[in-house]
Amino acid sequence: MTEQVLDGIRDLLPALRERAQESEDNRMVPDESIKQIRETGFFRMLQPARYGGSESGLVPFYSAVKLIASACGSTGWVASVLGAHNWHLATFSEQAQDDMWADDPDVLMSSAYAPMGRATATEGGYRLSGKWSFSSGSAYAGGAILSALILGEDGKPVDNLAMLVPAEDYTIEDVWHTVGLRGTGSNNIIVDDAFVPEHRVLSFADSFRCECPGQAVNTNPLYRVPLFSLMSTTITTPIVGMAVGAYDAHVAHQKERVRVYGGARSKDDPFAKVRVAQAASEIDAAWLQLTTNITDIEAAARSGEVPMPLRTKVRRDQVRASERAIYAIDRLFENSGASAISTGAPIQRFWRDAHTGRVHAVNDPEAALKMFGDEEFGATIDGGML
């Protein structure tokens, strides 16, 4: 099944590449692209088998994401986050999963994990209100996983909850006008006093401990992987895919490019060859670290415990992978010549998309690297994006 999905994605790449400008111009991934990606089985890769999913594992899933993003950065980003949310829902209660998937297992979910909303406890659940930004792919979602703080009597936060909210309980505000990743449609979600039953609520503290109710029915160790080990990789992998796309576009461009001065072919420039080698090495290093760490963390989940040193290593190398990918794109862009800045040129689009992805919260290098240093020097870590 996994190889069939990957083969199907490879077959789609020319069409996704052709629609990349359409994604950018319309500020959302074309319906046809989502439909075709769905038909490959991609969105089922991390979905539980009890709902028709294939439980393919993380490295095959991210391999597919990298391929998609190499054709269109926005499409890769949307596919990655929507596909990963199927994993997150699998850790919610069985009833929450049934609420979303029992009637239609193809339903997808967007998210907004920054705790921009406020929830008030009431009988049987919570009343939720707020405005959440940056919900990528929300136009294709039948629901959203939204973060909300619970405040104590002193007004200070006592818990941070992930709340599953069906699409009929919120509105989407079209605000996504950006320099990059324009096709992701990462618009605002607005909730006005919606009721969220208790069974659709999952504490981020439980996710941090890898002790979630969904594990009772979804027993594959895949669902014992730490939430943010997975979600941070979900953000970085498309950026690595963008670097692959930029590299392929650059090499093809340089093979045909003739410099204005002197008429020399760019492919004969020794310095151009050095930059290509540097970029290729950084991309390979980024991908090697990501896949090695994810393989290790899945193995640890199978053994029953994911140690903190491995979690901090995953985050350390995840932010470094983003940095490596962007360094590679920068080197390629700098050496591509003036024609690369034309509207519609793939290299400039990958450059803008990758730098836009870089400002996502999980790509804050100092925060992630500090957590690794904390672990190395013996500090206690009992929360955070690990």
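Let me start with Trp 101, which touches Gln 47, Pro 48, Tyr 51, Asn 86, Leu 89, Ala 90, Val 107 and Met 109, with residues up to four places away in sequence not counted. Contact here means heavy atoms within 4.5 Å. Before going on: this is a predicted model, where local features need pLDDT of at least 70, side-chain atom pairs count only at pLDDT 80 or more, and totals for chains, interfaces and linings use all residues. Residues are numbered from 1 along each chain as its sequence is written, and side-chain values use heavy atoms, with hydrogens and water left out.

Back to Trp 101, which sits in helix 6, residues 94-101. Helices are DSSP runs of H or I with at least four residues, strands are runs of E with at least two, and both are numbered from the N terminus. Trp 101 has a relative accessibility of 1%, so it counts as buried. The cut-offs are under 20% relative accessible area for buried, over 50% for exposed, and partly exposed in between, with a 1.4 Å probe and protein chains only.

Next, helix 4 and its partner. Helix 4 covers residues 58-71 and helix 9 covers residues 270-303; they pack at an angle of about 155°, with axes 9 Å apart. The axes are lines fitted to C-alpha atoms, for helices over the stretch in contact, and the angles run from 0 to 180 degrees between N-to-C directions. Helix 4 and helix 9 are therefore roughly antiparallel. That label is for angles over 145 degrees; under 35 is roughly parallel, 65 to 115 roughly perpendicular, and the rest oblique.

Which residues make the contact? From helix 4 they are Leu 58, Val 59, Tyr 62, Ser 63 and Lys 66, and from helix 9 Trp 287, Thr 291, Ile 294, Thr 295 and Glu 298. By class, the contact of helix 4 with helix 9 has 5 nonpolar, 3 polar and 2 charged residues. Nonpolar means Ala, Val, Leu, Ile, Met, Phe, Trp, Tyr, Cys and Pro; charged means Asp, Glu, Lys and Arg; the others, Gly among them, are polar.

How much of helix 4 is buried? The count is 11 of its 14 residues, so helix 4 is mostly covered. Among the buried ones are Phe 61, Val 65, Ile 68, Ala 69, Ser 70 and Ala 71.

Those last three, Ala 69, Ser 70 and Ala 71, also contact Phe 350, as do Gly 73, Met 242, Gly 245, Ala 246 and Ile 329, leaving aside neighbours within four places in sequence. Phe 350 lies in helix 11, residues 346-358, and is buried at a relative accessible area of 5%. The C-alpha atoms of Phe 350 and Gly 180 are separated by 8.5 Å, with their positions 170 residues apart along the chain.

The second helix pair is helix 10, residues 308-334, and helix 12, residues 365-376, packed at about 150° with axes 9 Å apart. Helix 10 and helix 12 are therefore roughly antiparallel as well. The contact includes Arg 315, Arg 316 and Glu 323 of helix 10 and Leu 369, Phe 372 and Glu 375 of helix 12. In this contact, 8 residues are nonpolar, 1 is polar and 5 are charged.

Two backbone notes to finish. Arg 27, not a glycine, has a positive phi of about 60°; Arg 27 is in the loop between helix 2 (20-26) and helix 3 (31-39). Asp 193, also not a glycine, has a positive phi of about 55° and lies in strand 6, residues 187-197. Asp 193 counts as partly exposed, at 41% relative accessibility.
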